[in-house]
Amino acid sequence: MGQAVLNKLIDAGYSSLEAIAVASPQDLSVAAGIPLTTAQRIIKEARDALDIRFKTALEVKKERMNVRKITTSSQALDGLLGGGIETRTMTEFFGEFGSGKTQICHQISVNVQLPPEKGGLSGKAVYIDTEGTFRWERIEAMAKAAGLDPDTAMDNIYYMRAINSDHQIAIGDDLQEFIAKNPSVKVVIVDSVTSHFRAEYTGRENLAARQQKLNKHLHQLTRLAEIYDLAVIITNQVMARPDMFYGDPTVAVGGHTLYHVPGIRVQLKKSRGNKRIARIVDAPHLPEGEIVFAITEEGIRDAEE
Ligand code: GTP
Ligand code: MG
C-alpha cells in the first residue's frame with residue numbers, strides 16, 4: 001500500500017488493521033478516494049494479516065507447534081523458558097538495575113541471527129532503546145563469541161532510540177509497515193518499555209493515563225508478534241526494595257505494571273558476582289523454580305558451579 005493511500009485511510013479514520021478489516025469496500029473506497037477493487041484488496045490483506053476466520057482446533061494446535069524459539073545462550077535459562085524465547089509471544093524481563101535485562105536484549109539480538117541448528121531463526125532484530133544503554137561494542141563481542149561475523153551481525157540489527165513515550169508509540173505504529181517490508185525481522189526488543197512512561201506520567205493522578213498509553217503500546221507489540229510470527233522482548237525496571245516515599249504503587253506491588261498483558265514474565269535478580277537468578281512469574285504452563293545464569297565477557301552463559 002502506498003503512503004498516499006495510507007494517509008487517506010488514516011485521515012478517514014481507518015488507522016488500524018482491525019478498522020480496515022471490518023470496513024465495507026464501498027465505505028473504504030469513498031472515504032479514501034480509492035477504486036473499489038483497491039479497497040477490496042486492502043480489506044482482504046488486512047483480514048489475512050489479522051487471520052480473521054474460524055480455525056479448527058487442529059489448526060490452533062499446529063500454530064502452537066509452529067512456535068519457534070531463540071536460544072539465550074544459557075541452557076539453564078532456555079530450560080526455564082521451555083526451550084528459549086518464543087515467537088508469537090511477548091516476553092518480559094523485569095528486575096532491579098544491573099540484573100541483566102539489557103544484556104539479555106543484546107544477546108537475543110545476536111542469537112536470533114544464528115541458524116536454526118544453533119538455536120536461532122536466521123533472522124534480524126529491531127532494537128528500540130529508550131534509555132540509551134545499547135552498546136555496539138557489546139554486540140560485536142557477543143557476535144564474535146557466537147561465531148558470527150561482527151559487522152554482519154551489527155548490520156542485521158535495526159536500532160532506534162525512542163526519545164519519549166509518544167515517540168515510542170509512533171515507532172510501534174511504524175513497525176507494522178517496517179516489518180511487512182522487512183520480513184526477516186524475527187525479534188522486536190524494547191529496552192525498557194516503561195521508563196519514558198514512568199518519567200512522564202508522574203503522580204497518582206496520572207497513573208490511569210499512563211497505564212492507558214502503555215497498554216496501547218503493549219497491544220501494538222503483541223499484535224506484531226502474532227501477525228508476523230516474531231518474538232517480542234520488553235524490559236521493565238523494578239526496584240528490589242520499593243521505597244514508599246518515591247511512591248510508585250505499580251513498583252511497590254512488585255512491578256505488576258504489565259500484569260494483565262498476555263505473555264511470559266521473567267523476574268531477574270542479582271546474585272553473587274556475575275551470577276543472576278531468573279524465575280518465571282505467573283505462567284502455569286512453564287515449570288516453577290529458579291535458575292542461575294551468568295553474564296560473562298562473551299555474553300549470557302550458564303553459571304559455572
Ligand atoms: P538497568 O537497565 O539499570 O535496570 O539494568 P539491567 O537489568 O539492564 O542490567 P544490565 O543488563 O545492564 O546488566 C549490567 C551488568 O551486566 C553489569 O553489572 C555487568 O555485571 C554486566 N555487564 C555489562 N556489560 C558487560 C561487559 O561488557 N562485560 C561483562 N563481563 N559484563 C558486563
Ligand atoms: Mg538496562
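## Two domains, a helix pair and some backbone oddities

In this predicted model, the centres of domain 1 and domain 2, taken over C-alpha atoms, are separated by 33 Å. Domain 1 covers 3–49 and domain 2 covers 61–302, with bounds that come from an automatic or database domain assignment.

Some ground rules: residues are numbered from 1 along each chain as its sequence is written, chains are lettered from A and ligands numbered from 1 in the order in which they are written, and side-chain values use heavy atoms, with hydrogens and water left out. Local features need pLDDT of at least 70 and side-chain atom pairs count only at pLDDT 80 or more, while totals for chains, interfaces and linings use all residues.

Where do the domains touch? Six residues of domain 1 contact five residues of domain 2, contact meaning heavy atoms within 4.5 Å. About 370 Å² is buried between the two, and carbon and sulfur atoms give 47% of that; buried area is the accessible area (1.4 Å probe) that two parts lose on being put together, summed over both. On the domain 1 side, Leu17, Glu18 and Ala49 lose the most area to domain 2, together 74% of what that side buries.

Now the helix pair. Helices (H or I, at least four residues) and strands (E, at least two) are DSSP runs, numbered from the N terminus. The axes of helix 3 (residues 25–32) and helix 4 (residues 36–50) come within 8 Å and cross at roughly 115°. Here axes are lines fitted to C-alpha atoms, for helices over the stretch in contact, and angles run from 0 to 180 degrees between N-to-C directions. Helix 3 brings Pro25, Gln26, Leu28 and Ser29 to the contact, and helix 4 brings Leu36, Ala39, Gln40, Ile42 and Ile43.

For backbone geometry, keep in mind that most residues other than glycine have a negative phi, and most peptide bonds are trans. Two spots go the other way:

| Spot | Value | Place |
|---|---|---|
| Asp191 to Ser192 peptide bond | cis, omega near -5° | Ser192: loop between strand 6 (185–191) and helix 11 (195–200) |
| Ser73 | phi near 75° | loop between strand 1 (69–70) and helix 6 (75–80) |

Over in strand 8 (residues 264–270) sits Gln267. Leaving aside neighbours within four places in sequence, Gln267 is in contact with Phe94, Ile277, Ala278, Arg279 and Val281. The C-alpha atoms of Gln267 and Ile70 are 18 Å apart, with their positions 197 residues apart along the chain.
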